[in-house]
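Trainee: I should be grateful for a close look at a single part of this structure. Please treat the chosen strand together with the residues that pair with it.

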Amino acid sequence: MVDKLHLQQLKKDIEALKGEKVLIRANKGRKKMVEVEGILENTYSNIFVVKFPVDRECKQYRCVTYTYSDLITNTVEIILCKTNTKVNVM
């Protein structure tokens with residue numbers, strides 16, 4: 001069980017990664033996993049935003065939001081591209 005202090009620490013850890021290149025591994029259900037490489041654009045009180053290129057020339061970008069509860073329930077994983085390490089939830 002995640003208490004309020006762990007959630008606040010998780011939010012601080014994610015906020016410290018703003019502007020970093022990350023790999024998002026998301027479970028879309030029915031054995032479908034999606035991996036997207038993008039930049040952690042912004043953080044808010046309940047969500048964080050990842051911006052990733054739609055095409056190979058990086059002319060168009062798409063922003064996707066995830067909740068902190070997605071991280072807690074392991075629906076979404078964040079991996080830092082620079083060090084290839086997974087962000088710890090607990």
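Mentor: What follows is an account of strand 1 and its surroundings, beginning with a residue inside the strand and moving on to the charged pairs. The model is predicted.

Strand 1 spans residues 21–27, and Ile24 is found in it. Ile24 has a relative accessible area of 1%, and because buried means under 20%, this residue counts as buried. Beyond its neighbours within four places in sequence, Ile24 is in contact with Val34, Glu35, Val36, Val50, Tyr66, Val76, Glu77 and Ile78. Asp3, by contrast, lies 24 Å from Ile24, C-alpha to C-alpha, with the two positions 21 residues apart in sequence.

Charged pairs come next. Side chains of opposite charge can pair when their charged atoms come close. The structure holds 5 salt bridges. One of them joins Lys21 and Glu37, with 3.0 Å from N to O. Lys21 lies in strand 1 and Glu37 in strand 2 (residues 33–43), so the pair ties together parts that are 16 residues apart in sequence. Both partners are partly exposed: Lys21 has a relative accessibility of 47%, and Glu37 has a relative accessible area of 42%.

A further salt bridge is formed by Arg25 and Glu77, whose closest N and O atoms are 3.3 Å apart. Here Arg25 in strand 1 is linked to Glu77 in strand 5, a distant part of the chain 52 residues away. Arg25, at 25% relative accessibility, counts as partly exposed. Glu77, at 19%, counts as buried, because the cut-off for that class is under 20%. Glu77 is also among the contacts of Ile24. The pair does not stand by itself, for Arg25, Glu35, Glu77 and Lys86 are linked in a network of salt bridges. Glu35, like Glu77, is in contact with Ile24.

Finally, the loop that leads into the strand deserves attention. Glu20 forms a salt bridge with Lys82, and their closest N and O atoms are 3.2 Å apart. Glu20 sits in the loop between helix 1 (4–15) and strand 1, while Lys82 sits in the loop between strand 5 (76–80) and strand 6 (85–86), so that distant parts of the chain, 62 residues apart, are linked. Glu20 is partly exposed, with a relative accessible area of 24%, whereas Lys82 is exposed at 65% relative accessibility.

Key:
Residues are numbered from 1 along each chain as its sequence is written. This is a predicted model: local features need pLDDT of at least 70, side-chain atom pairs count only at pLDDT 80 or more; totals for chains, interfaces and linings use all residues. Side-chain values use heavy atoms; hydrogens and water are left out. Helices (H or I, at least four residues) and strands (E, at least two) are DSSP runs, numbered from the N terminus. Buried means under 20% relative accessible area, exposed over 50%, partly exposed in between (1.4 Å probe, protein chains only). Contact means heavy atoms within 4.5 Å. A salt bridge is a side-chain nitrogen of Lys or Arg within 4 Å of a carboxyl oxygen of Asp or Glu.
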